[in-house]
Amino acid sequence: MQRRILITISFVIALIFQVNAQSGTIKGKVYDKNTNEPIPFTNIVIYGTNIGSTSDLEGNFTFTGLKPGFKRLEATAVGYGKTITEEFQVTNAKTANINIAMEQKSQELEEVTIEVSPFKEREESPVSLRTLTVSEIEKNPGANRDISRVIQAFPGVASSVSFRNDVIVRGGGPAENSFYLDGIEIPNINHFATQGASGGPIGIINVDFIREVDLYSGAFPANRGGAVSSILEIQQINGNQEAFSARATLGASDLALTLNGPLSENTSIILSARRSYLQFLFDIIGLPFLPVYNDFQFKTKTKIDKKNELSFVGLGAIDKFSLNTGIENPDEEQQYILRETPVNEQWNYTIGSIYRHYGEKGYTSVYLSRNMLNNSAYKYPENDESQSKNLDLVSQEIENKLRVEQNETRNGYKLIYGAGIEYAKFNNDLFQKIFLPSGMKDTLDYYTELKMFKWEAFAQVSKKFFKEKLTLSFGTRMDATDYSSSTSNMLDQFSPRFSASYDYTSELSFNFNIGRYYQLPAYTTLGYRNNEDKLVNKDNNIKYIAADHIVGGIAWYPQSDAKITLEGFYKKYSDYPFSLDDSISLANRGADFGIVGNDPVKSISEGRAYGLELLARDRSTILDLNAILSYTLVRSEFKDKNGEYKPSSWDNIHLLNLTLRKEFKNNWDVGLKFRFVGGSPYTPWDIQRSRIKQAWDVRGGGVLNYNRLNEERLNGFQQLDIRVDKAWFFDTWSLMLYLDIQNAYNYKAKTEPNLIREKDENGDPIIIEENGVKKYKLKKLKTTAGTVLPTIGIMIEI
């Protein structure tokens, strides 16, 4: 017995010693950002410490014997500006590879010392650019490693009460954003995506791939288009060139496996697969729908030679959705969902290549990609399969893109210019019974095959003046498509932008941007036909959506790892699609499942969004504290059919977020996030029209009263999320655990009331005949959202 106790004590002591060992390694290379030439004799330190190294003649450097955790590197070299890298994780089990790109310093600054902040700054976007680090994504409370949820901590980004991931930025709708993965545009970042918008319940991107995420809520660089509210730029890591490693993750809703390592001396790969188990949890707790999703992701990178490299990236998802008809004695809300929800299945993919060639003054990037979305949905009346369908949809969106960009620096001028071409195809096979506002019953039954070319050209020039105190940037962009004469002239989509930033002191700067941006309406709108086989909206002279932005603000750096910004913004929308059926702007739609934009429209809607944003961030390396405090005052309004401004569906007015995360000894990490979202407007039901039996049976539900567009408003929503992480770093493997509690104090938020039919004692709807018209007896069903949701996550890396 004593022998067993001694063995156990010895094992525990050995385990403690192994866990506390500091054997992490960093390897990398320092190179010129424009030429890819190595920079020898660079001084490199781990940011916030005195631990240093120096690059050799080939620019290579090594750190050994490091404590595991998230790190940054700070590099200084003669003739180059000081550089602070993005964040990355160091463990004992594998070598962390990080390359450092440095930019040459202008001659007038050779004798001037410039303090560099770890907060990213770009000449083109001195305002409205926010950056997420790896640890902020990995350990964000309540987000469960989902990018769409993490960015909700930033100012101007609203979140919904429900479990959706709609990207709602500065009062703009979820259809107004674009997403880039290593410079390759991807159509959406969520599973079960709303076609024609961007939302969905679960993110597709695997966080294991992420190096850094940039969110632009304005001041868009000229080489990024297709958005009028925000651009999300996701940068991925490269595969490990030392040895293969694997990470298995059991998350809140899925299982994942990621492999990372070398394929050859010059080629690395990282790839992953995930599968959900959410459907089992939903079934256990009695939810009326059962989602199943799978996703796949990969990236390879080949260094052809010193001046040429080639990367391939891929992302795909398979989503299936079924109704949980096995619920015993469903309540009224469950019955409503089972009756009203269509069955939906989707799959999508993006695959692309990035070729990069380095010259004497800069580099050329060639992006070639293809993406496809296949969306199908069907519904039976009451979801009773003994009846004929009232909805049957199969829709495809296919895009093939080529874009060439040149980045170079000449005489202190930073230049970005290029052009692109795209071939797109949209197929839509639709059968749908509808009830028009005029009171007429109708059936849409058509097939669309829409083919079009798009093209783009862009250029941006930036320059620093007066010893880098003043930075100016001017860019322009033009887009067009051969869809119609209203969209084919690039000059009609001339998109200028101008930015200025002045450093009043080393701690205080004043920043400004003004620009005009364009976005093509959704394919569902472009391809809408009537039963006469006409492209209705082409005949209606539909145009690109236009938005004019003005943003001004100040930035204060009280210390190197803290930043406080205050920004004011104003957005003016024009040529927004306006539904001729419902007489509302399509800007009010998008935060629901299904399809957005499948309407006859005209480009006549106008809107505006304006407000103030406050952001305070602190990344104290001394206190091991990460804090984000943001507040937004925002108004979002669009004109109704009478030409009067009305609150849009995204007019939340107040947005407040506080995120705190503290690192403790022995690899403990505790975080909390509080958010308050002001109540969103909504349109009440038209009770009298909804009661008409024919209208209800055709639509499968009630009719909204758009004569009272967004006249009602929900109460504000609040939520507290808590997360605790613990990590063990062994010599050959790592174990990471976390406990995440969403909505810790179980706040119940009221949501828009549903409309249901009252039933008699036999369970049949009550029908009343008035003036020869059969009508249902209806009642409002009050609904709430929000429940305590604890989850446990396990990550094992070897």
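**A colleague's note on sheets, salt bridges and a surface patch**

1. Let's begin with one residue: Arg691 has a relative accessibility of 13%, so Arg691 counts as buried, since the cut-off for that word is under 20%. Please keep in mind as you read that this is a predicted model.

2. Which residue meets Arg691 in a salt bridge? The partner is Glu770, and the N to O distance between the two side chains is 3.0 Å. Arg691 belongs to helix H8 (residues 687–691) and Glu770 to strand E45 (residues 767–770), so this salt bridge ties together parts that are 79 residues apart in sequence. Is Glu770 buried or partly exposed? With 29% relative accessibility, Glu770 counts as partly exposed, whereas Arg691 counts as buried.

3. Stay with Glu770 for a moment. The side chain of Glu770 also meets that of Lys775 in a salt bridge, at 3.3 Å from N to O. Lys775 has a relative accessibility of 14% and therefore counts as buried. Elsewhere, one network is built from salt bridges that share partners: its members are Lys94, Glu138, Arg145, Asp208, Arg247 and Glu797.

4. How many salt bridges does a search of the whole structure find? The number is 50. As background, side chains of opposite charge can pair when their charged atoms come close. One pair to look up is Glu123 with Lys414, whose closest N and O atoms are 3.3 Å apart. This pair links distant parts of the chain, 291 residues apart: Glu123 is in the loop between strand E10 (100–102) and E11, and Lys414 is in strand E28 (residues 413–435). Both partners, Glu123 and Lys414, are buried.

5. Now for the sheets. One open sheet has 5 strands, ordered E11-E18-E19-E14-E15, and its pairing is mixed. Its edges are strand E11 (129–132) and strand E15 (184–186); each has a single partner strand, so one side of each has no neighbour in the sheet. From one strand to the next, the twist averages 25°.

6. What does "mixed" look like when you go through this sheet pair by pair? A reminder first: strands of a sheet pair through backbone hydrogen bonds, either parallel or antiparallel. Strand E18 (residues 210–216) and E19 run antiparallel and are joined by 6 bridges. Within that pair, Glu212 has Gln235 in E19 as its bridge partner. E19 and E14, by contrast, pair in the parallel sense, over 5 bridges. Here you can find Ser178 opposite Ile231 in E19. Going on from E14 (residues 177–181) to E15, the strands run antiparallel, with 3 bridges between them, and Tyr180 has Glu185 in E15 as its bridge partner.

7. Strand E19 deserves a second look. How many of its 7 residues are buried? For this strand (residues 230–236) the count is 6, so E19 is described as mostly covered. Recall that E19 sits between E18 and E14 in the strand order.

8. A second open sheet is formed by 4 strands in the order E3-E2-E6-E7, with antiparallel pairing. Which strands stand at its edges? They are strand E3 (52–54) and strand E7 (83–84), each with a single partner strand, so one side of each is left free of a neighbour in the sheet. Strand E2 (residues 43–46) and E3 are antiparallel and share 3 bridges, and Asn43 is paired with Thr54 in E3.

9. Turning to the surface, a nonpolar patch of about 640 Å² is made by Tyr413, Val461, Phe474, Phe498, Phe512, Ile514, Ile550 and Tyr570. Val461, one of these residues, lies in strand E29 (residues 441–465). Its relative accessible area is 30%, which makes Val461 partly exposed.

10. A last stop is Thr751, in strand E44 (residues 749–757). Is Thr751 buried or partly exposed? Its relative accessibility of 23% puts Thr751 in the partly exposed class. The side chain of Thr751 makes a polar contact of 2.4 Å with that of Thr783. Thr784 is 33 residues away from Thr751 along the chain, yet their C-alpha atoms are separated by 5.2 Å.

How values were computed:
Residues numbered from 1 in each chain as written. Predicted model: local features only at pLDDT ≥ 70, side-chain atom pairs only at ≥ 80, totals over all residues. Heavy atoms only, no water. Pairing = 2+ DSSP bridges. Helix = DSSP H or I, 4+ residues; strand = E, 2+ residues; numbered from the N terminus. Axes fitted to C-alpha atoms, helices over the stretch in contact; angles between N-to-C directions. Buried < 20%, exposed > 50% of the residue type's maximum accessible area, 1.4 Å probe, protein only. Patch = residues over 30% accessible without salt bridge, like charges linked within 9 Å, V, L, I, M, F, W, Y side chains within 5 Å. Areas by Shrake-Rupley, 256 points an atom, 1.4 Å probe, with all protein chains shown as cover. Salt bridge = Lys/Arg side-chain N within 4 Å of Asp/Glu carboxyl O. Polar contact = N/O pair within 3.5 Å; in protein donor to acceptor, adjacent residues only side chain to side chain.
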